[in-house]
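Work through the exercises below with the sequence and the coordinates at hand. Each task is followed by a solution in steps.

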Amino acid sequence: MDTQSYLPVQPGVGMEENFLSLDDILLSHERLPVRTECTFPRLGFLEKSSDTQDIPEGLKMELPLWLSKGLYERKRRVLSVELPKVYREGWRTVFNADPKVVDLHKMGPYYYGLGSQMLHFDSPENPDIAQTLLQTFIGRFRRTMDSSQNAYNEDTSVLVERLDCLEKALFRSGQIGLHSFQSWEKGQASQLTASSLVLNYRKRKINEIQP
């Protein structure tokens, strides 16, 4: 029996998170540009460029996503979160023009995941961000899957180096499907066996028939 020391856990979908997923853990440490809206007493050590004991109001700094979400409140303005440049209007125009030419790995590499998490923060640009994320995914999906289905027993590093982590997972799924189909076509696939539910049902029926 094949064993694995770690069974991969799939990341959350959209704005949801799965805290057992390594991808989501890494995503939560992506740093966001923020601006403090009040004074943070005795937390000056969080800002390396500051030698004061407190974090003053109006200071621009970077905080990890998990901390930014924890401190952000709609009613009580503790901090405001600025959009990373890749989600701003200039880059959205590029994505809307031709998303296939963009190197998403260099942009993130959690372009879709971080973009979805940015919707937690109030911004008038949220509808445009969501629309760009959707259209970018749709525009790149077919090319990603076509590449995964036409790369059999060859080096795929060039094909995946420009992909976001979500797209890399889709590419791997396509590769698994391709190799499974090739094995079946060559008669190398494992033999189909009846499910344990079917076997147990048959045993129960036989026991009912026997006197």
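**Exercise 1: a pocket and its lining**

Task: Find which helix gives the most to the lining of the second largest pocket.

Solution. Helix 6 gives the most to this lining, with 4 residues. The model is a predicted one.

Step 1. List the lining. The second largest pocket is lined by K100, V102, R140, R143, T144, S147, V158, L159, R162, L163 and F171.

Step 2. Assign the helices. At least two lining residues come from each of helix 6 (126–149) and helix 7 (157–160).

Step 3. Sort by class. The lining holds 4 charged, 5 nonpolar and 2 polar residues.

Step 4. Give the volume. The space in the second largest pocket is about 230 Å³.

**Exercise 2: the sheet**

Task: State in what order the 3 strands of the open sheet lie, and whether the pairing is parallel or antiparallel.

Solution.

Step 1. Recall the general case. Strands of a sheet pair through backbone hydrogen bonds, in either a parallel or an antiparallel way.

Step 2. Read the order. The 3 strands of this open sheet run 2-1-3, with antiparallel pairing.

Step 3. Identify the edges. Strand 2 (60–64) and strand 3 (79–81) are the edge strands, as each of them pairs on one side only.

Step 4. Add the twist. From one strand to the next, the twist averages 45°.

Step 5. Examine one pair. Strand 1 and strand 3 are joined over 3 bridges in the antiparallel sense. On the strand 3 side, L79 is the bridge partner of T36.

**Exercise 3: a loop serine before strand 1**

Task: Decide whether S28 is buried or exposed.

Solution.

Step 1. Place the residue. S28 sits in the loop that runs between helix 1 (22–27) and strand 1 (31–36).

Step 2. Apply the cut-off. S28 is buried because its relative accessible area is 10%, and buried means under 20%.

Step 3. List the contacts. Leaving out residues up to four places away in sequence, S28 touches E17, P64, L65 and W66.

**Exercise 4: a loop serine after strand 1**

Task: Decide whether S49 is buried or exposed.

Solution.

Step 1. Place the residue. S49 belongs to the loop between strand 1 and strand 2.

Step 2. Apply the cut-off. The relative accessible area of S49 is 65%, so S49 is exposed; the limit for exposed is over 50%.

Step 3. Take a C-alpha distance. S49 and M61 are 12 residues apart along the chain, and their C-alpha atoms are separated by 9.4 Å.

Definitions and conventions:
Residues are numbered from 1 along each chain as its sequence is written. This is a predicted model: local features need pLDDT of at least 70, side-chain atom pairs count only at pLDDT 80 or more; totals for chains, interfaces and linings use all residues. Side-chain values use heavy atoms; hydrogens and water are left out. On a 1 Å grid over the protein atoms alone, a cavity is a set of points where a 1.4 Å probe fits but cannot get out, and a pocket is an open set with protein on both sides within 12 Å along at least five of seven lines; lining residues have an atom within 4 Å of a point. Grid points are joined across faces, edges and corners, and a volume is the space filled by probe spheres set on the points. Ala, Val, Leu, Ile, Met, Phe, Trp, Tyr, Cys and Pro count as nonpolar, Asp, Glu, Lys and Arg as charged, and the others, Gly among them, as polar. Buried means under 20% relative accessible area, exposed over 50%, partly exposed in between (1.4 Å probe, protein chains only). Contact means heavy atoms within 4.5 Å. Two strands pair if DSSP finds at least two bridges between them. Axes are lines fitted to C-alpha atoms, for helices over the stretch in contact, and angles run from 0 to 180 degrees between N-to-C directions.
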